[in-house]
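Dear colleague,

Please find the structure below, handed over for you to look through at your own pace. My notes on what was found in it follow directly after.

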Amino acid sequence: MPIEALIENYGLLAIFLGAAFEGETAAFLGGVIAHRELLTYWSASLAATAGSFAGDQLWFFAGRYAAQWSVVRRLMERPALARATGLLEKYQTGFIVAFRFLVGLRTISPIVIGTTRISTGKFIVLNAVAALVWGQLFTALGYLFGHGIQQTLGRLPLHRHLLIAIAAAAVVAVAALLFRRMKSSGSHP
């Protein structure tokens, strides 16, 4: 089956699942795919939004009701826990809206929030607002990147276009990881 047919048949599900469990790269690639007109922009961005919302709700409920599970306990032992807890204590509403944009805090944050007294209703509303902004932002970035690649290199075969997008996402992820490590070690560029 050609890659175009796979994307047309399973692309929205892949964006949804990718946004739920990985994050930005899935939404970004959804935007690139939308630029290639294999999916509409709105369907790709809504799949990213819904996936982000669902994944964070899952982790919130894991913190609320499954804190004794080994996977949740392992996540709660990560060094990011202290950082997430401190930010949550200082800026409760702002942190709930912003955690998905903070490097290294995406998975641990909804678990931490789930262990607090913050109401489920409040988290659902704030998570929905944040997921909507996040889904639109990263899908739009992917769409614009796809447009930029086409303007720079012409209309490439789809597999090359996607490889360039994946490479760009990997470079950004590595840069973010290196920045985080430098910041946590106290080094400054």
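In helix α2 (helices being DSSP runs of H or I with at least four residues, strands runs of E with at least two, numbered from the N terminus), the buried residues are A26, A27, F28, L29, G30, G31, V32, I33, A34 and H35, where buried means under 20% relative accessible area, exposed over 50% and partly exposed in between, with a 1.4 Å probe and protein chains only. That makes 10 of the 12 residues of α2 buried, and the helix is mostly covered. This is a predicted model, in which local features need pLDDT of at least 70 and side-chain atom pairs count only at pLDDT 80 or more, while totals for chains, interfaces and linings use all residues. Residues are numbered from 1 along each chain as its sequence is written, and side-chain values use heavy atoms, with hydrogens and water left out.

The end C-alpha atoms of α2 are 17 Å apart, which agrees with the 16 Å that its 12 residues should span at 1.5 Å a residue, the expected span being 1.5 Å times one less than the number of residues. Just after α2, E37 takes a positive phi of about 65 degrees.

Turning to the rings, the structure holds nine aromatic pairs; rings of Phe, Tyr and Trp (its six-membered ring) pair if their centres lie within 6.5 Å, and planes under 30 degrees apart count as stacked, over 60 as edge-to-face and the rest as tilted. One of these pairs is F28 with F145, whose ring centres are 5.3 Å apart and whose planes stand at 50 degrees, so the pair is tilted. Because F28 lies in α2 (residues 24-35) and F145 in helix α8 (residues 120-153), the pair ties together parts that are 117 residues apart in sequence. F28 is buried, at a relative accessible area of 13%, whereas F145, at 24%, counts as partly exposed.

Another tilted pair is formed by F95 and F99, with 6.1 Å from centre to centre and 40 degrees between the planes, and both F95 and F99 are buried. F60, F61, Y65 and F123 form one aromatic cluster.

Finally, the axes of helix α3 (residues 41-65) and α8 come within 8 Å and cross at roughly 145 degrees, the axes being lines fitted to C-alpha atoms over the stretch in contact, with angles running from 0 to 180 degrees between N-to-C directions.

Best regards
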